Amino acid sequence: MNHKTVKIGIDSAYDFFFEIAQPNVNRFYSAPSPVTAINAAWPLWHLHEWYYWGKNPNGNENQQRGFGKRLMK
């Protein structure tokens with residue numbers, strides 16, 4: 001399968017945190033509900049992927065999964 005990269009102005013873990021994760025966490029704290037909880041949790045989980053690929057641009061999927069597993073220990 002071919003993948004196409006689409007640029008949306010989020011180029012790093014830092015950008016992802018401040019543009020996506022933090023606003024969703026703030027919404028959860030201001031209006032707690034199942035929807036705002038899931039919307040806050042989703043980007044926080046994916047933040048480790050952004051961090052990994054930012055630090056390891058030549059890494060592979062197996063290494064990235066290992067990184068995620070080490071975080072959960």
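What is the handedness of the crossing of H2 and H3? The points below answer this and describe the surrounding contacts.

1. The structure is a predicted model. The crossing of H2 and H3 is right-handed. Helix H2 spans residues 34-55 and helix H3 residues 61-71; their axes come within 10 Å and cross at roughly 130°. The two helices are therefore oblique to each other, since an angle would have to be over 145 degrees to count as roughly antiparallel.

2. The contact of H2 with H3 draws on His 48, Glu 49, Tyr 51, Tyr 52 and Trp 53 from H2. On the side of H3, the residues that meet them are Glu 61, Gln 63, Gln 64, Phe 67, Gly 68 and Leu 71. By class, the residues of this contact comprise five nonpolar, four polar and two charged. Four aromatic residues, Tyr 51, Tyr 52, Trp 53 and Phe 67, are linked by ring pairs into a cluster. Tyr 51, Tyr 52 and Trp 53 belong to H2 in this contact, and Phe 67 to H3.

3. Gln 64 merits separate mention within H3. Its relative accessibility is 7%, and Gln 64 therefore counts as buried, the limit being under 20%. Apart from neighbours within four places in sequence, Gln 64 is in contact with His 48, Glu 49, Tyr 52 and Trp 53. These four residues are listed on the H2 side of the contact with H3.

4. The loop between H2 and H3 contains Asn 56. With a relative accessible area of 30%, Asn 56 is partly exposed. The C-alpha atom of Asn 56 is separated by 27 Å from that of Asn 39, and the two residues are 17 apart along the chain. Asn 39 is itself one of the H2 residues that meet H1.

5. H1 and H2 pack with their axes 8 Å apart, at an angle of about 160°. That angle makes H1 roughly antiparallel to H2, because values over 145 degrees fall in that class. The crossing in which H1 passes H2 is left-handed, whereas that of H2 and H3 is right-handed.

6. From H1, the residues meeting H2 are Ala 13, Phe 16, Phe 17, Ile 20, Ala 21, Asn 24, Val 25, Arg 27 and Phe 28. Their counterparts in H2 include Trp 42, Pro 43, Leu 44, Leu 47, Trp 50 and Tyr 51. The residues of the contact of H1 with H2 divide into 15 nonpolar, four polar and one charged. Tyr 51 appears in the contact with H1 and also in the contact with H3.

7. The structure holds eight aromatic pairs. One of them joins Tyr 14 and Phe 18 in a tilted arrangement, 4.7 Å centre to centre with 55° between the planes. Both residues lie in helix H1 (residues 13-30), four residues apart, which is about one turn of the helix. Tyr 14 is exposed, at a relative accessible area of 57%, while Phe 18 is partly exposed, at 37%.

8. Phe 18 also pairs with Phe 17, here edge-to-face, at 4.9 Å centre to centre and 90° between the planes. Phe 17 is partly exposed, with a relative accessible area of 26%. Phe 17 is also among the H1 residues that meet H2.

Terms used
Residues numbered from 1 in each chain as written. Predicted model: local features only at pLDDT ≥ 70, side-chain atom pairs only at ≥ 80, totals over all residues. Heavy atoms only, no water. Phe/Tyr/Trp six-rings, centres within 6.5 Å; stacked < 30°, edge-to-face > 60°. Buried < 20%, exposed > 50% of the residue type's maximum accessible area, 1.4 Å probe, protein only. Axes fitted to C-alpha atoms, helices over the stretch in contact; angles between N-to-C directions. Parallel < 35°, antiparallel > 145°, perpendicular 65-115°, else oblique. Left-handed = near helix turned anticlockwise from the far one by under 90°. Contact = heavy atoms within 4.5 Å. Nonpolar A, V, L, I, M, F, W, Y, C, P; charged D, E, K, R; others polar.
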